[in-house]
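Welcome, and take a moment to turn the model around before reading on. We will go from one pair of side chains to the whole chain and back again.

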Amino acid sequence: MHTIAVRARILYNQLKSEKKKILIVLDNVWKKLKLGEVGIPPESTEGYCCKLLITTREKRVCSLMDIKEANIYKVGLLNEREALNLFENQAEKKVDRGEFKDVADRLLRKCGGLPLAITTTASALRGKRLPMWCHFAETSEKPISSQISSEYRETYSILETSYKLVDIEEKMIFLFLACLSPLDLAITVEDLMRYGIGLDLFQRVNSISEAMEQANIWANELISSSLLLIGDSNGEVKIHDLVRASAISFIDKGKDRMTLVESIPRWMCEETFEKITAISLMSGHDFSRLSGVKAPLLEILLLKGDVSLTTLPSTFFEGMKNLKVLSLSNVNFNLGLPESMGQLHRLKTLHLHYCELEDVKLIGKLVNLLVLSLRGSTLKELAVETGELHKLRLLDIEGCKGMKRIPASILSRLSHLEGLYMLNSFDGWASTNIEVNNGGESNQASGSELDMLSHLNVLEMEVSKTQQLLTVNNIQLIEQLGKFKIRVRSSFGKHEELPSFRYVLELIDIDPSPNNGLRALLKKTECLVLSDCERLTKNVVPELNEDGFKDLKYLIVQTCWVESVMSSNEENGPLAFPNLEILELLNMKNLKMICDGKASLGIFSNLKRLNLCYLSDLESGLSLTSALVYLNEVSVELCRSLKCVAYKDAKNETEVDMFPRLKSLHLSRIESLSSLLGQSGNEVFALFNAEASSSHGQTT
């Protein structure tokens, strides 16, 4: 990953060389931003034509960035009509007349035309009966703390009333955990779930998978109530700064407790730390002042440092013995973990992310740990003492690329382990249990140790050979898994992040003759990625799996030597891909056709997206026996021999719309293309229904 300086230089060079006019939008800027530091050239740069749009809640930011008064436009509050429209849209109810009108008018007056307040109020009341609307209005009209800025006091009142409608205490704590994320940055629902485990939020579930499902339910409900926002990436959420501030205020209100977020006030006295229950300093601020402070109520501590500078003294945690959740990122522990960390006997969740780690034996003293994550840290060997964590339910060493050794019998001793995350990390599994060192003792972890983990439900890992993991006993393990991401390869290299599905399997340069364990994986897989498989020379079905892939939803085949994806001599044989939704065929010189032989009826009946790229010998695309009623996106690039994207079976003379839902069509550098649908003319828009061709179709 590039540093900010490197990314800024790349952006700067790209913007300088761009001949077109460019609009750059910087949203929700809350402090002075030096444009040059993020790669935006100065206005005086020769040949550079760019417009900059900045949104901010604070006018002083404009002054700090030397924006002229004439270029500052204040976006006013919504008028009555606009406010009512937004309210009705979010509440999914017409309120301009009838018994709800008077209550809605009271609420809208309270919201004062502020979109956030209107959205939050309406979302909270969606689907509720009139008594709940009246109760909400009465509660929001009560006075709140005079410590709140008068500018936001009405909004805080509305938001606090929304918090009172959160029906489950655990969900409110879940929202509070989201409030601890850095300002304007997203946090993954999975991290919130892991923090929640440390606070015992999931007392009614039976597994890690169920805990994750519950976390997703809470996140979706809070998004629906406008208390959380959808993040930029899949599985992430964000929180509005006003929601965050008011939620923290609400939770701490009337209690002799405090939450500290973003920075430590310089004038804060030592006695104040005794009231603090949660601290989050995740924006790189100096936190050396926390060393040795007495914080007997502190349960949550989230810190992010600078790995080249930040170290912690041995006494750092002496006054924090009540800690339950501890997350440390970018901290240098090359001299070992602080001795005082070994005294955190109540600790249940420990994250040491992207840290410099050397000796982590001390972790073995944290016997109540339920979650241990060392993601992205530099660690060569998992300490033997890790095997003492008998209560551990989740172990994450993903991205620990330097990890060369996991001593034998550590994993098998973690009898309660439910989640094991090891992608882009250790892959040196012993092939059998008889691999020993010179002393005659077991030297390295083997796949058979996983057989002993009867509660294992989530597995993300990679192996360099199928024989290292997939023994006969491991087939039973595969059957019990509720989720897996497994990469099997015979060569080393850098690999992209795998898609998000329940069951994901990536096979890189492997033998196409699968053993029993690989067959069990293929049978269960929802997303299959085949890369650089030079020994897979004929097809995917039946060469890799003669029974087809009944549960497969996403298939990527890239840089392989296959001549077709499927080959069949049976017109009514078993369906190879009955549930496939996405098909991507990339960079294959030998691929001549997608279906070789007689296509089964409805072979791609659920296909939604088709992507063909750099297939130099491919002459024809999909062979169709019936309409692809779900297909909505087609992209074809660099297929120089392709004559048609799809063709109908010769027996099918019926004139029907083969692609009734197609919305996006991208065609680029396909010189031989003569028609899009064989036997159905050459008109581009013959692929679209009338509505799609006029409003949704896109061809480039």
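**Charged pairs and a closed space**

Let us begin with glutamate 92, which is exposed because its relative accessible area is 62%, over the 50% cut-off. Please keep in mind that this is a predicted model. The side chain of glutamate 92 meets that of arginine 126 in a salt bridge, with N and O 3.8 Å apart. Arginine 126 counts as partly exposed, at 23% relative accessibility. Where do the two partners sit? Glutamate 92 belongs to the loop between helix H3 (80-91) and helix H4 (101-111), while arginine 126 is in the loop between helix H5 (115-125) and helix H6 (130-140), so the pair ties together parts that are 34 residues apart in sequence.

Now step back to see the whole. The protein chain has 700 residues, and 48% of them count as buried. It is built with 16 helices and 29 strands. Among contacts between residues at least 6 apart in sequence, 62% join residues at least 24 apart. The chain exposes about 34800 Å², with carbon and sulfur atoms supplying 49% of that area.

Next, find arginine 244 in helix H11 (residues 241-252). Is arginine 244 buried or exposed? With a relative accessible area of 9%, arginine 244 is buried. Beyond its neighbours within four places in sequence, arginine 244 is in contact with several residues, including Cys179, Ser181, Pro182 and Leu183. Its C-alpha atom is 8.2 Å from that of leucine 180, although the two residues are 64 apart along the chain.

Arginine 244 also forms a salt bridge with glutamate 262, and their closest N and O atoms are 3.5 Å apart. Glutamate 262 lies in the loop between strand S6 (258-261) and strand S7 (276-281), and arginine 244 in helix H11, so this pair ties together parts that are 18 residues apart in sequence. Both partners, arginine 244 and glutamate 262, are buried.

How many salt bridges are there? The count comes to 21. One of them joins the side chains of aspartate 252 and arginine 257, at 3.1 Å from N to O. Elsewhere, Glu190, Arg194, Arg375, Asp396 and Glu398 are linked in a network of salt bridges.

Finally, look for enclosed space. A search of the whole structure finds three cavities of 30 Å³ or more, and the largest holds about 60 Å³. Ten residues line this largest cavity, and the closest to its centre are Leu631, Val634, Val645, Ala646 and Phe659. Its lining has ten nonpolar residues, with no polar and no charged ones.

Note on methods
Residues are numbered from 1 along each chain as its sequence is written. This is a predicted model: local features need pLDDT of at least 70, side-chain atom pairs count only at pLDDT 80 or more; totals for chains, interfaces and linings use all residues. Side-chain values use heavy atoms; hydrogens and water are left out. On a 1 Å grid over the protein atoms alone, a cavity is a set of points where a 1.4 Å probe fits but cannot get out, and a pocket is an open set with protein on both sides within 12 Å along at least five of seven lines; lining residues have an atom within 4 Å of a point. Grid points are joined across faces, edges and corners, and a volume is the space filled by probe spheres set on the points. Ala, Val, Leu, Ile, Met, Phe, Trp, Tyr, Cys and Pro count as nonpolar, Asp, Glu, Lys and Arg as charged, and the others, Gly among them, as polar. Helices (H or I, at least four residues) and strands (E, at least two) are DSSP runs, numbered from the N terminus. Buried means under 20% relative accessible area, exposed over 50%, partly exposed in between (1.4 Å probe, protein chains only). Contact means heavy atoms within 4.5 Å. Accessible areas come from the Shrake-Rupley method with a 1.4 Å probe; for residues, only the protein chains shown count as cover. A salt bridge is a side-chain nitrogen of Lys or Arg within 4 Å of a carboxyl oxygen of Asp or Glu.
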